[in-house]
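Hello,

Here is the structure we talked about handing over. Please open it alongside this note; my findings follow below.

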Amino acid sequence: MPATPIKPGVTEPAYDLTTPLDVDFAGAFADATDADRAHQQRVRRFVQDEVLPVIDEYWERAEVPLGLVKRLGDLDLLRDGVDVDGHERISPLGAGLAAMEMSRGDGSVATICGVQGGLALRSIQMLGSDEQRARYAEPMARGDIIGAFALTEPTHGSDSVSLETTARRETRDGVEGYVLNGEKKWIGNGSSGDITVVWARLVGEDGDGQVHGFVVPQDSPGYTGTTITGKVSLRAIWQAHVVLDDVFVPAENALPGARSFKDTSRVLFATRLGVAWAAVGHATACYETAVAYATQRVQFGRPLAANQMIQERLTRMLSTLTQLQLLVARMTRLDDAGTLTGPQASLAKYTCTRGAREIAATARDLLGGNGILLGNRVARHFADIEALHTYEGTESVQALIVGRDITGVSAFV
C-alpha cells in the first residue's frame, strides 16, 4: 500500500529565525577596530553555537546554565569590559558590541556577565585594595569565583541611596572586622555564587553613617540567599532575596575605596551604558526574527513580506533600531574620551530600553500566534526586556536624572 501523502497546508515548515543579519543601516559601528570586531565575533560564535541551541530549555525550567557560565570564563567573556592584568584590553566600543551580541542571544546569560564583570568584578577592581584585586580578579575573570552585587533592598529600589543594611565594627576572637545586618533583593548570582559585594551603612559609635562596600563569602554564617521564584523574565539567572543576620567579615574584606554612596554610584555609572547596549542586542534579535519570519511565512498565497503593512512595520522597526545604534555608538565614544556625563548615560538607557520594548512588541505582533512560542525567539526577548527596562534605574528615575539636567531643578524627594 502506498504511503499516504501529507496534505498540503497541514505540516508547518521549520523557520530559520536566528541567522545574524549584521544590521547597521547608518554605519553606526563603521569605525570599530579589527580587535573590536574580533571580540564581537567571539561572542557571536558562542551565542550561535552554544547558547541558542539550549537556552529555551533553561529559560523554561528557570535553571541557570552553569555549563555556559564556565564556558564564558574559558572564552574570557565574563569581564564585561573590565581590565584585568594578563587579559586583553577591550575598548569601550568592543565591550559594547560584545554586550549587544550577548543580549542578542539571551538576556539571562548577558545579565550573568553584567553582574559578574560589570558590577562585582568592577567594584573590586575600581574600589578594592591591591590584595583584593590579586585575590579575586583573575579567578572571577576565569569564572572560578562567581560574584554578586547586593545593593537593592526589599524596601529600597529606586531610592537605593537610602539603604538600611548596616555594618558595625566589632572584634571577634581577636579578629577586627564588621558585623552586617539587613536584607537585599533581586541579587543576581546571590544564591548561586561564591562571594557577594554587599553595600551597607557604617553605624555605631565610630561609624560615619556612610555607605561602604564589603566582600562577603556566601558560605558565611548568617548569610542566606533564597532564589526568587515565579519570575516571568530573566528566568535563566537566579536572583536572590539575601538575608544578612549578624554576618561577620574581617576588616580586610572591606573595600577601601568604597567610603560613600558616591563611590557606589561610580560603579553604577560605569555599567549604565552597558544596559543601553544590552537593549540594542534584544532589539536586534527581535528585528532579525521579524525579518526572517516575514520572508519565510506564507499566508494568502504569498510571503508576509509581500504585504505593504508588513514592510511598513519592518521599516519602522529598522528606523528605531538605527536610532538606538547611533545613540549608543556616540555615547560610547564620549565614554572612551572620558567626557560622558551621568545624564547622558541615563538618556541612553532611557531611550534604548523604550525603543527595544517598542521593537519587541511589534515583532511579537508580526509573528501572530507563533510569537508567543519560546522556540520562535521573540517571546523570550519580549519578556526579558521588561526586566532590562527596570533594573539599574527605572525609566522614571532615568527621566528625573535627565530632567534635572534640563531644568536645573531636582524633582527627587
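**Cores**

The largest nonpolar core has 51 residues, and those touching the most other members are Phe29, Trp277, Leu314, Cys352 and Leu366. Five helices each give this core at least two residues: α4 (92–105), α7 (261–296), α8, α9 and α10. The largest share is from α7, with 15 residues. Please bear in mind that this is a predicted model.

Take leucine 314 from that list. Beyond residues up to four places away in sequence, leucine 314 touches Tyr287, Ala290, Val291, Ala294 and Leu366. There is also a second core, separate, with 24 residues; Met140, Phe149, Leu151 and Leu163 are among them.

**Two polar side chains to look at**

Glutamine 325 sits in helix α8, which spans residues 308–337. Is glutamine 325 buried or exposed? Its relative accessible area is 1%, so it counts as buried, the cut-off being under 20%. Its contacts, setting aside neighbours within four places in sequence, are Val23, Asp24, Phe25, Ala28, Phe29 and Val280. Phe29 also appears above, among the core residues that touch the most other members.

Arginine 377 lies in a loop, between α9 (342–366) and α10 (378–390). Its relative accessibility is 2%, so arginine 377 is buried by that cut-off too. What does its side chain meet there? One polar atom of the arginine 377 side chain is 2.9 Å from the backbone oxygen of leucine 17. The side chain also makes a polar contact with the side chain of glutamate 288, at 3.2 Å. With neighbours within four places in sequence left aside, arginine 377 is in contact with Leu17, Thr18, Arg104, Ala285, Glu288 and Thr289.

**The second largest pocket**

This pocket holds about 540 Å³ of space. Its lining has 24 residues, and Gly81, Pro92, Arg122, Ala270 and Asp335 lie nearest the centre. Which helices each supply at least two residues of the lining? They are α4, α5 (107–127), α7 and α8. The largest share, seven residues, comes from α7. That helix also gives the largest share of the largest nonpolar core. By type, the lining splits into eleven nonpolar, six polar and seven charged residues.

Best wishes

Note on methods: Residues numbered from 1 in each chain as written. Predicted model: local features only at pLDDT ≥ 70, side-chain atom pairs only at ≥ 80, totals over all residues. Heavy atoms only, no water. Helix = DSSP H or I, 4+ residues; strand = E, 2+ residues; numbered from the N terminus. Buried < 20%, exposed > 50% of the residue type's maximum accessible area, 1.4 Å probe, protein only. Contact = heavy atoms within 4.5 Å. Polar contact = N/O pair within 3.5 Å; in protein donor to acceptor, adjacent residues only side chain to side chain. Core = buried A, V, L, I, M, F, W, Y, C linked by side-chain atoms within 4.5 Å. 1 Å grid on protein atoms, 1.4 Å probe; cavity = no way out; pocket = protein on both sides within 12 Å on 5 of 7 lines; lining within 4 Å. Points joined across faces, edges and corners; volume = space filled by probe spheres on them. Nonpolar A, V, L, I, M, F, W, Y, C, P; charged D, E, K, R; others polar.
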